[in-house]
Amino acid sequence: MDNRLYSVAQIRATEAAAAESLGVGALMRLAGRAAADAALALLGSERARPVLVLAGPGNNGGDALELAAHLGEAGVDVVVLHLAGSGKVSPEAAQALARARGSRVNFADVALDVRDWALVVDGLFGIGLTRPIEGRYRELVLGIDKVACPVLALDVPSGLDADSGAVIGPNGVAVRATHTITFIGDKPGLHTSEGCDHAGQVQVAGLGLDAALFEPARAGVASPALFHARLTPRRANSHKGHYGDVAVIGGAHGMAGAAVLAARGALYAGAGRVFAAMIGPALPLDPLQPELMFRSAHDFEIAGRVLVLGPGMGGAMEAMRALGAGLDSAAPIVIDADGLNLVAASLELQDRIARRHADTIVTPHPLEAGRLLGKSAPEVQADRLGAARSLARRLQATVVLKGCGTVVARPDGEVAINPTGNPGLASGGSGDVLAGMCGALLAQGWPGWEAAVGAVWMHGAAADRLVEHGVGPVGMTAGELPAAVRAVFNELVSKSRPGRSHAG
């Protein structure tokens, strides 16, 4: 997987192994040099203006002090606000402090708003923080929000959990950085949950460590490389039967729109034929997409079709019957929305999912995931990777835990965090479109893992494409996504196989 993500425990193990061969302070010096290079790149032609470095009491503060010394040597006007704390200082942090004090750096207790800073460097707390930021540190974190210049966080924005992306502690605060340079390996918390709003642009500085020092990572940032093998051009000598049937089962009274949006998502993601089997009265047609075929779920023949179970399904007896039939079928299935709520209420249905042999993808948002796991939505958000993995193991299914930095997990614990998308997706129906897309990729023969990762990546990329063309994020609608998905899909196929023009 591209861009591997490592837990704090794994990073600590790598640090310890590296320190044995490199000696005391070597990693800190390497981190300081890398951070200084990143800072100089951000400064560009602004080197005449001052840089404020916030150095905390631990090793993250040591990294900041090393950076400050390097910037001073490069002729930058550096002011260090050093909050030493009352705890024991590590030998490497003590070395960094001595080096900074011996360099062309000014130490001062200054307010954030007293000068026109070119850059503020956050080196208050790193991956070792376990409690909420309080006191003077909290004031500084809140003050950083008000500066107009770039903010560079070292390793992780202070106050952010590097594993989960949650802000640490009740009533906690975290630095909102424009850029983060993270050391040794990338961390999952920088790419999901609150990390999406706090980390900014993330740069990884590996510090030149030997790959043998790293434990195997079980997570990564998703990219088209994960589903590259499926991006094959369509043969000229092909027909709709080659690209599969998708049946969306849902659309109870008053909720037909959810099923229609899912069906449109499947259509534009390349399914050969798309049916909408309605729990409520079947529509005569979709005037915008007359290619969609509407049926009654009561007597719809599901054999030989990929099933998308749940969009607008409701909770009536007919919904339960249709869901049960889908779970017992031999077809690949996607379970979304009301389908997930029905499953959450029945351990027996959960067991039936776990015993299935065909691919199963479930696409909960945090509240739905919480119902399935017996947790609250905030508890799910506090450990998104753990929640997705737990649910994937329980259901023996591929799980798409939606949200900022959508987490895709499979039963063996492998996780991908999706980097595409924007707040325009925070609108009714966008999840229905995603469910239909998952169904379409399954119908075209994609395995569950690739189908889920590919659908999520393209769904987000479609939203990004719309914003680039002036549509949203405010006011973006789910109905605008399918056509953008088609454009993204075809572009990926074209780039994947240059010179081959038949996308799909």
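1. In this predicted model, strands β11 (residues 273-278) and β12 run parallel and are joined by four bridges. One of the pairings places F275 opposite M293, its bridge partner in β12.

2. These two strands belong to an open sheet of 11 strands with mixed pairing, ordered β1-β9-β18-β17-β16-β15-β14-β13-β10-β11-β12. The edges are formed by β1 (4-5) and β12 (293-296); each has a single partner strand, so one side of each is left without a neighbour in the sheet.

3. Helix α14 (residues 430-443) lies across β10, β13, β14, β15 and β16. Its direction is at about 165 degrees to that of β13.

4. The structure contains 23 salt bridges. In the one between D245 and R273, the closest N and O atoms are 2.7 Å apart. D245 lies in β10 and R273 in β11, so the pair ties together parts 28 residues apart in sequence. D245 counts as buried, at 14% relative accessibility, whereas R273 is partly exposed at 27%.

5. A further salt bridge connects D412 with R218, at 3.8 Å between the closest N and O atoms. The residues are 194 apart in the chain: D412 is in the loop between β17 and β18, and R218 in the loop between β8 and β9. Both D412 and R218 also take part in a salt-bridge network with R4, R410 and E414.

6. Within helix α10 (residues 347-354), E348 and R352 are four residues apart, about one turn of the helix. Their side chains form a salt bridge (3.2 Å, N to O). E348 is partly exposed, with 43% relative accessible area, while R352 counts as buried at 17%.

Definitions and conventions. Residues are numbered from 1 along each chain as its sequence is written. This is a predicted model: local features need pLDDT of at least 70, side-chain atom pairs count only at pLDDT 80 or more; totals for chains, interfaces and linings use all residues. Side-chain values use heavy atoms; hydrogens and water are left out. Two strands pair if DSSP finds at least two bridges between them. Contact means heavy atoms within 4.5 Å. Axes are lines fitted to C-alpha atoms, for helices over the stretch in contact, and angles run from 0 to 180 degrees between N-to-C directions. A salt bridge is a side-chain nitrogen of Lys or Arg within 4 Å of a carboxyl oxygen of Asp or Glu. Buried means under 20% relative accessible area, exposed over 50%, partly exposed in between (1.4 Å probe, protein chains only).
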